[in-house]
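The exercises that follow are meant to be worked with the sequence and the coordinates side by side. Try each task before reading its solution.

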Amino acid sequence: MHPSHILFVVNLFGFRNQDGTRRFTTGLFAVARKNAKSFLCSAILLYCFCCETENGPQVISAATTGSQARIVFNVAKRIVEKLADLREAFTLEPFANAIARYEVGGTFKPINAKASTQDGLNPSHCGIDEIHAHKNHDLLNVLKSAAGARRNPLFLYTTTEGYESPGPWAEIRHFAKQLLEGVVEADHFLAIYFAVDDEDKGEGTPADDDFDESKWIKANPLMEVNPLLMKEIRKEAVEAKSMPGRHAEFKIKRLNRPSAAAGGWVNLVKWKACTGAVDLEWLRQYPCWGGLDLASTRDLTSFRLVWNVEGVLYTHGWRFVPAAAVHGRTERGLVPYQAWVQAGILIESGGEVTDYDAVEECILAATTRFNVQMIGYDSWNAKQLVQKLQAAEVPLQEFIQGGKSYHPAMQALEVSYVEGNLAHGNDPVLNWCASNLIARTDQNMNTAPDKKKAPEKIDDIVALLMAIGVMQTAEPDKGGTLDDYLSDQ
């Protein structure tokens, strides 16, 4: 095997839980085309089929089309056909549409993305080739739920980048990159990602030049042992330089770069340095301001406080999710909602939708415990709760959802965390939401969170920005330019 394959295989199989089950139940191997990812997938699935102790193993090679699913399956079938010793050792018999293993009653077969026809499956190992091509989550959802009864399942994703689509790849890619950057922790997920480098604001390094041959090996590890691969990439680079349409395809297939990637607003290196402790008992003596984001009833709702003590912003939050969201996130295996609930940093409230009574109780308790001056809220979906809180004399202020309101708060937060004057206690939910934040800019160069372009939930950092925004209105800047004055009129 090539060292790039060895790296993946050794990590995938080399770590075990104490009960002998695999540590990594999900593996992602992302690399540019013609780097033997489909062959690697077939070899891993065939090993699992033969060498792992599983009752009635059901190995699945899945893809959007039958022909794509058969790429991985046909490689495994060809190996079985050629190796008589392998067939004899594991009682294997290859057929046109399946490989049988009589000794344990197992099957290895390809399936396509017509998820409605796949009910009744009980997969033990799933190889999903070119996950970027899936247009929706249907097949993945069926396979995930069907594997729920297996003690030691494996989901193996092998892919090259693709054009943006509403399918699962954007979510999986974003999660994998967050995992590699240390934003989220997921002990079950192994990600190996070969691609040329994008700009790194934290390290101050520019993006790799698409046409710098010395960088291509980052996305094409087999290039060092396959001179034909280098030759083909050079030919495509010549065309890509002069034809914009070919350039996009070149970036995706040969450099493993996404077709469109909106940059995050937060510098994660600077942000992760602001892990100072947040002592709530000590902070009770100081005034604080709040932000309440009720943007979603079916996922994350956030209430967050912020204190300014001698120029340092301290923040603490409470986040609410319905049980259905926790179950859905756990089943998909990407964002660790269940672990956050168990750790007490995420509050499970309600069944299908968030129970706002629990949110109300939390806010009332916070206003009793802390010196809350004002709470900013987004009026969308908040009318009934706001009326209850106003009846309880909770100080509330509507926070207009636009660049003019958000821009000063985003500037203040950016200055604070870049200079190290923010303490968020290394809150994993806030870190996750911060890493998802993408900013939009209006014609007056005012910035605001862009929830439509954000790849995942941003509610917690939006609540923080609203809290900072209402804090700023309490002590408005006496200075400012003429343009500032006119824009406020």
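**Exercise 1.** In which helix does E181 lie?

Solution. E181 belongs to helix α6, which covers residues 169–181, where helices (H or I, at least four residues) and strands (E, at least two) are DSSP runs numbered from the N terminus. This is a predicted model, in which local features need pLDDT of at least 70 and side-chain atom pairs count only at pLDDT 80 or more, while totals for chains, interfaces and linings use all residues. Residues are numbered from 1 along each chain as its sequence is written, and side-chain values use heavy atoms, with hydrogens and water left out.

**Exercise 2.** Determine which residues gather with E181 in a patch of negative charge on the surface.

Solution. Begin with the accessibility: E181 is partly exposed because its relative accessible area is 41%, given that buried means under 20%, exposed over 50% and partly exposed in between (1.4 Å probe, protein chains only). Patches are made of residues with over 30% relative accessible area and no salt bridge, like charges being joined within 9 Å and nonpolar side chains (Val, Leu, Ile, Met, Phe, Trp, Tyr) within 5 Å; a salt bridge is a side-chain nitrogen of Lys or Arg within 4 Å of a carboxyl oxygen of Asp or Glu. The residues that gather with E181 in the negative patch are E199, D200 and E203.

**Exercise 3.** Find which residues make a nonpolar surface patch of about 310 Å².

Solution. The patch is made by M1, I6 and V10. Of these, I6 is found in helix α1 (residues 3–14), and I6 counts as partly exposed because its relative accessibility is 37%.

**Exercise 4.** How many disulfides does the structure hold, and why is C50 not bonded to C51?

Solution. The structure holds 0 disulfides, a disulfide being a pair of cysteine sulfur atoms within 2.5 Å. For C50, the closest cysteine sulfur is that of C51, and the 5.6 Å between them is too far for a bond; C50 counts as buried, at 5% relative accessibility. For C274, the closest cysteine sulfur is in C433, at 17 Å, which is also too far for a bond, and C274 is buried, with a relative accessible area of 3%.

**Exercise 5.** Where are T91 and E393 placed, given that each has a positive phi without being a glycine?

Solution. T91, with a phi of about 50°, sits in the loop between α4 (84–90) and β3 (92–94) and is partly exposed at 29%. E393, whose phi is near 65°, sits in the loop between α14 (383–391) and β14 (396–398) and counts as exposed, at 72% relative accessibility.

Definitions and conventions. Accessible areas come from the Shrake-Rupley method with a 1.4 Å probe; for residues, only the protein chains shown count as cover. Lys and Arg count as positive and Asp and Glu as negative; His and the chain ends are not counted. The place of a charge is taken as NZ of Lys, CZ of Arg, CG of Asp or CD of Glu.
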